Amino acid sequence: MATPPTVPEGAPTGAEGFITDGFPAAGLTRTQRHITGHNSEGKSVFLTTDCGSHHRVMGVQQAVANILYSTQQTPIDINGDVDIKAAQENEPPLHYKNGSVVRMIDFGPGIESPMHRAVSVDYGVVIEGVFELTLDSGESRIMRQGDFCVNRAGSHKWKNLTGNGTLPGRMLWVLLDCQDVLVNGKKLEGFLGALEKEYKDRGEH
């Protein structure tokens, strides 16, 4: 069980100032990532064990993103470990055209994202905590540990309800590229709102 977080003295309760030391957020477990490969005999081996390639504090110390992996093409070329090198050297945008991004985010207590849309198919799972997923239609669902969603380019926002807004929470997403989405002949466009600055100058998305 995660221990209750320690909020820095003088920091606002909940919304700001919670993430002080990067990944993981206080009160959440450290995630290990294991990457496999092959030895000269063709046998599978573990190449690395770490906590992810890229960690980024988001908002006003409100959340921390941990990129567990990313790929920039489909099918993926893993020969010569070129995919590992690319994932290590390039912090990805929100999602890659023809690729994938595996992103884990630790949310501070009570944190709510702005409404946003990625033109992608996103697999989302609650790892720790309780979250509310709200769509731009006003519909919403509560997601608890182990719950899973498939967001097909929907406009949405997340709110961390863990401990009635007093504890951190964690979600994991796998973002996959999709073709243009047309509704009544009109192409839907992606938008990030206040999240735009979090992904600025990080390649194509």
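## Briefing: a strand-rich predicted model

At 0% relative accessibility, Asn-66 counts as buried, and it sits in strand E4. This is a predicted model, so take the numbers here as computed from that prediction. The protein chain has 205 residues, 41% of which count as buried. Its secondary structure adds up to three helices and 13 strands.

**Overall numbers**

- The accessible surface of the protein chain is about 11,400 Å², and carbon and sulfur atoms own 51% of that.
- Take the contacts in the chain with a separation of 6 or more: 68% of them come from residues 24 or more positions apart.

**Around Asn-66**

- The side chain of Asn-66 reaches over to the backbone oxygen of Cys-51, at 3.1 Å.
- Setting aside residues up to four places away in sequence, Asn-66 touches Phe-23, Cys-51, Gly-52, His-54, His-55, Val-102, Arg-103 and Met-104.
- Strand E4, home of Asn-66, runs over 63–71 and supplies at least two residues of the largest nonpolar core.

**Nonpolar cores**

- In soluble globular proteins, nonpolar side chains tend to end up buried together.
- Here the largest nonpolar core has 20 residues, and the ones with the most contacts inside it are Met-58, Ile-105, Phe-107, Met-143, Trp-158, Met-171 and Trp-173.
- Strands E4 (63–71), E5 (100–107), E7 (130–135) and E11 (169–177) each put in at least two residues of this core, with E11 giving the most, at three.
- Trp-173 is in contact with Val-101, Val-102, Arg-103, Ile-105, Phe-107, Tyr-123, Gly-124 and Trp-158, once its neighbours within four places in sequence are left aside.
- Apart from the largest core lies another one, of eleven residues, with Phe-18, Ile-19, Phe-23 and Val-125 among them.

**Salt bridges**

- The count comes to seven salt bridges.
- One of the pairs is Arg-56 with Glu-91, whose side chains meet at 2.8 Å, N to O. This pair links distant parts of the chain: Arg-56 is in strand E3 (residues 54–58), while Glu-91 is in the loop between helix H1 (82–89) and E5, 35 residues apart.
- Both ends of that pair are partly exposed: Arg-56 at 28% relative accessibility and Glu-91 at 24%.
- Asp-106 forms a salt bridge with Arg-170, with the closest N and O atoms 2.6 Å apart. Asp-106 lies in strand E5 and Arg-170 in strand E11, so this bridge ties together parts that are 64 residues apart in sequence.
- Arg-170 also meets Glu-128 in a salt bridge, at 3.6 Å, N to O. Here the link is between strand E6 (residues 120–128), which holds Glu-128, and strand E11, 42 residues apart.
- Put the pieces together and Asp-106, Glu-128 and Arg-170 are linked in a network of salt bridges.
- As for burial, Asp-106 is buried, Glu-128 is buried with a relative accessible area of 16%, and Arg-170 is buried with a relative accessible area of 1%.

**His-156 and its polar contacts**

- His-156 is found in strand E10 (residues 156–160), and it counts as buried because its relative accessibility is 5%, under the 20% cut-off.
- Two side-chain polar contacts are worth a look: a 3.0 Å one joins His-156 to Asn-151, and a 3.5 Å one joins His-156 to Trp-158.
- Trp-158 is also listed among the residues with the most contacts inside the largest nonpolar core.
- Leaving aside neighbours within four places in sequence, His-156 is in contact with Pro-114, Met-115, His-116, Leu-133, Thr-134, Leu-135 and Asn-151.

**Out toward the surface**

- Tyr-123, Phe-148 and Val-150 make a nonpolar surface patch of about 290 Å².
- Phe-148 has its place in strand E9 (residues 148–152) and is exposed, with a relative accessible area of 52%.
- Tyr-123, another patch member, is also in contact with Trp-173.
- Ile-142, in strand E8 (residues 140–144), counts as partly exposed at 36% relative accessibility.
- Ile-142 and Val-130 are twelve residues apart in sequence and 7.1 Å apart in space, C-alpha to C-alpha.
- Not counting residues up to four places away in sequence, Ile-142 touches Val-130, Phe-131, Glu-132, Asp-147 and Leu-161.

How values were computed:
Residues are numbered from 1 along each chain as its sequence is written. This is a predicted model: local features need pLDDT of at least 70, side-chain atom pairs count only at pLDDT 80 or more; totals for chains, interfaces and linings use all residues. Side-chain values use heavy atoms; hydrogens and water are left out. Helices (H or I, at least four residues) and strands (E, at least two) are DSSP runs, numbered from the N terminus. Buried means under 20% relative accessible area, exposed over 50%, partly exposed in between (1.4 Å probe, protein chains only). A polar contact is a pair of N or O atoms within 3.5 Å; within protein, one must be able to donate a hydrogen and the other to accept it, and residues adjacent in sequence count only if both atoms are side-chain atoms. Contact means heavy atoms within 4.5 Å. A nonpolar core is a set of buried Ala, Val, Leu, Ile, Met, Phe, Trp, Tyr and Cys residues joined through side-chain atoms within 4.5 Å. Patches are made of residues with over 30% relative accessible area and no salt bridge: like charges are joined within 9 Å, nonpolar side chains (Val, Leu, Ile, Met, Phe, Trp, Tyr) within 5 Å. Accessible areas come from the Shrake-Rupley method with a 1.4 Å probe; for residues, only the protein chains shown count as cover. A salt bridge is a side-chain nitrogen of Lys or Arg within 4 Å of a carboxyl oxygen of Asp or Glu.
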